[in-house]
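The following note concerns the aromatic side chains of the structure shown below. Please read the points alongside the sequence and the 3D view.

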Amino acid sequence: MRLNTSSRFWSSSEPLMASTPKPLSIADRAALELGRMAMDWSVLERVVGDLIAQLTPLPDGDIKNVIVGNADIRDRLQMAKGLAFIRSFDDDWLDDVLFLLDFVDNDLRPKRNQAIHSEWFRGSRLRRRSLKTKITKPQAFMRELETEKTENVKLSELRKLNSIIKDTTFAFFPLVFYMMGEDEDLIDPLSSPTISYKQYLRWAGLGNPTKRVRAARKRQPRSSRA
């Protein structure tokens, strides 16, 4: 049997050597960041739901899913704030919980919504258009109606937003774990706290992730804050 070496054999649709992939356009890179944002935000929503379940407390499973799963993020945040205040078994713990919940509600949530729901334009520069009704007063005694806003956006802005969403989600973990009682002989704050939240953070070797979020919040330019 002779080996077929005809040109037709070598013209197969499958290349023998992988071609060098083309670099992604700025629009494609923005799409990847927006996709990551959507995925990371869903984790943040779940963690807020876990916080509510621990504060209530709700048994894990269908009961928790029915109650938490039918509330949007704003409802979850408000429920968590009220429940945390009612429990308030540790002042440092309560300060961190309320800060994070307010930060998500007043800062991250509007920015995430603007990024996800805006219209993005393809091109050499990254641009987005958001529709929002606003009455401005650029000149004295003159009012103007603004219904849309188009602006240039740096890819680094999306990356920074994704980074702080992840950091905020991580900051909730020790707050939830503190209530769960990882070591039954050491921690059971919902019934009879045996150590403070600061002691728990030292014991767990976690540092204080909320401090990093507070620092990131202060570093934001005033114009970028919601």
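1. How many residues apart in helix H7 are Tyr200 and Trp203? They are three residues apart in helix H7, so about one helical turn separates them. The model under discussion is a predicted one.

2. The rings of Tyr200 and Trp203 form an aromatic pair, with 5.9 Å from centre to centre and 40° between the planes. The pair is classed as tilted, because that class covers plane angles that are neither under 30 degrees nor over 60.

3. The two partners differ in accessibility. Tyr200 has a relative accessible area of 1% and is therefore buried, whereas Trp203, at 43%, is partly exposed.

4. Tyr200 also pairs with Tyr197: the ring centres lie 6.4 Å apart and the planes meet at 25°, so this pair is stacked. Helix H7 comprises residues 197-204, and Tyr197 and Tyr200, three residues apart within the helix, are separated by about one helical turn. Both of these tyrosines are buried.

5. The pairs described above belong to a wider arrangement. Tyr178, Tyr197, Tyr200 and Trp203 form one aromatic cluster. Across the whole structure, the search finds seven aromatic pairs, including the stacked pair of Tyr197 and Tyr200 and the tilted pair of Tyr200 and Trp203.

6. A separate contact involves a charge and a ring. The charged end of Arg214 sits over the ring of Phe99, at 4.3 Å from the ring centre.

Conventions. Residues numbered from 1 in each chain as written. Predicted model: local features only at pLDDT ≥ 70, side-chain atom pairs only at ≥ 80, totals over all residues. Heavy atoms only, no water. Phe/Tyr/Trp six-rings, centres within 6.5 Å; stacked < 30°, edge-to-face > 60°. Helix = DSSP H or I, 4+ residues; strand = E, 2+ residues; numbered from the N terminus. Buried < 20%, exposed > 50% of the residue type's maximum accessible area, 1.4 Å probe, protein only. Lys NZ or Arg CZ within 6 Å of the ring centre and 35° of its normal.
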